[in-house]
Amino acid sequence: MKILGNATFENYVGLEQGFSEMGYQMVAHVLTLGYAVMLASLFYFILTMKTVSPKYRISSVLSVVVMVSAFLLLYVQAQNWTSSFVFDAEKGRYFLGDDADLFNNGYRYLNWLIDVPMLLFQILFVVSLTRSKFSSIRNQFWFSGSAMIITGYIGQYFEVTNFGWYAFWGALSTIFFIHILILMRRVISEGKEGIPADAQRTLGTIWILFLVAWMLYPGAYLMPHLGGIGPDGILFGEAGVVGRQITYTIADVASKVIYGVLLTIVARSRSKEEGYQEN
């Protein structure tokens, strides 16, 4: 197999096996769907911002920033896909272009580096912490969130060339991920105290969503090796490439859009209880 350096496995698959019309278009369409959802959600968060009390509105502002960031970087990711692979009429498949830029999931990591701290901060502006200090939780969220993304970003470059380093950086990223889960569980538990019952139920839903959506990311990270280590694995091919991009997109929509909507619902409930009326 030709060596492409520390390129991700999408490029190795595109170089050796190529992609069928269906596989290529599925990735192109799911990437397009991803940034289209972020753009549509941007308008939702802007238009619903005044439905919550000003004291909770910063959460909606952060959702707006997250949507702008996600839209722009996912748009670039989609363009990166279509410019990296060229249709070979003789073989009837899409292959990595001779002079094309390599496909790079790094655009997603750059997006997450911007968005993850803000996503974690958002909930702090909707709930009231009863025992923990706001500044302490915020700083821990920022540190572990950024460290999780940076270590994962480094690890992806070794997913084909050096499985040991790939696993090391992935394991290091997981440590920070577990710390985030512990913090989020604490925030949600404290946040349920003294708020309306419907808001408590929504926070419970947010916790389940958080667990499910954020667990998809490690699965996508490990995708090329889930069916066996290295190029001989059953997912080190078109199915793995398509599966990874679908998984990443579902996780992004759930962890950014649905999460933001649920936080807005909690903020509305608390605003209503406190007597806020939309102008």
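## The largest pocket

Helices α4 (106-124), α5 (134-156), α6 (163-191), α7 (197-221) and α8 each supply at least two residues of the lining of the largest pocket, where helices are DSSP runs of H or I with at least four residues, strands are E runs of at least two, and both are numbered from the N terminus. A pocket here is an open set of points, on a 1 Å grid over the protein atoms alone, where a 1.4 Å probe fits, with protein on both sides within 12 Å along at least five of seven lines, and lining residues have an atom within 4 Å of a point.

The volume of this pocket is about 370 Å³, and among its 20 lining residues Met148, Ser173, Tyr217, Pro218 and Tyr221 are the closest to its centre. Helix α6 gives the most to the lining, with five residues.

## Basis of the model

This is a predicted model, in which local features need pLDDT of at least 70 and side-chain atom pairs count only at pLDDT 80 or more, while totals for chains, interfaces and linings use all residues. Residues are numbered from 1 along each chain as its sequence is written, and side-chain values use heavy atoms, with hydrogens and water left out.

## Helix α2 and its neighbours

In α2, buried residues (under 20% relative accessible area, 1.4 Å probe, protein chains only) include Gly23, Tyr24, Leu31, Tyr35 and Phe45. The buried residues of α2 pack against α3 (57-84), β1 (85-88), β2 (93-96), α4 and α8 (238-273), contact being heavy atoms within 4.5 Å.

## Around Met184

Not counting residues up to four places away in sequence, Met184 touches Leu120, Ile123, Phe141, Trp207, Phe210 and Tyr259.

Note on methods: Buried < 20%, exposed > 50% of the residue type's maximum accessible area, 1.4 Å probe, protein only. Points joined across faces, edges and corners; volume = space filled by probe spheres on them.
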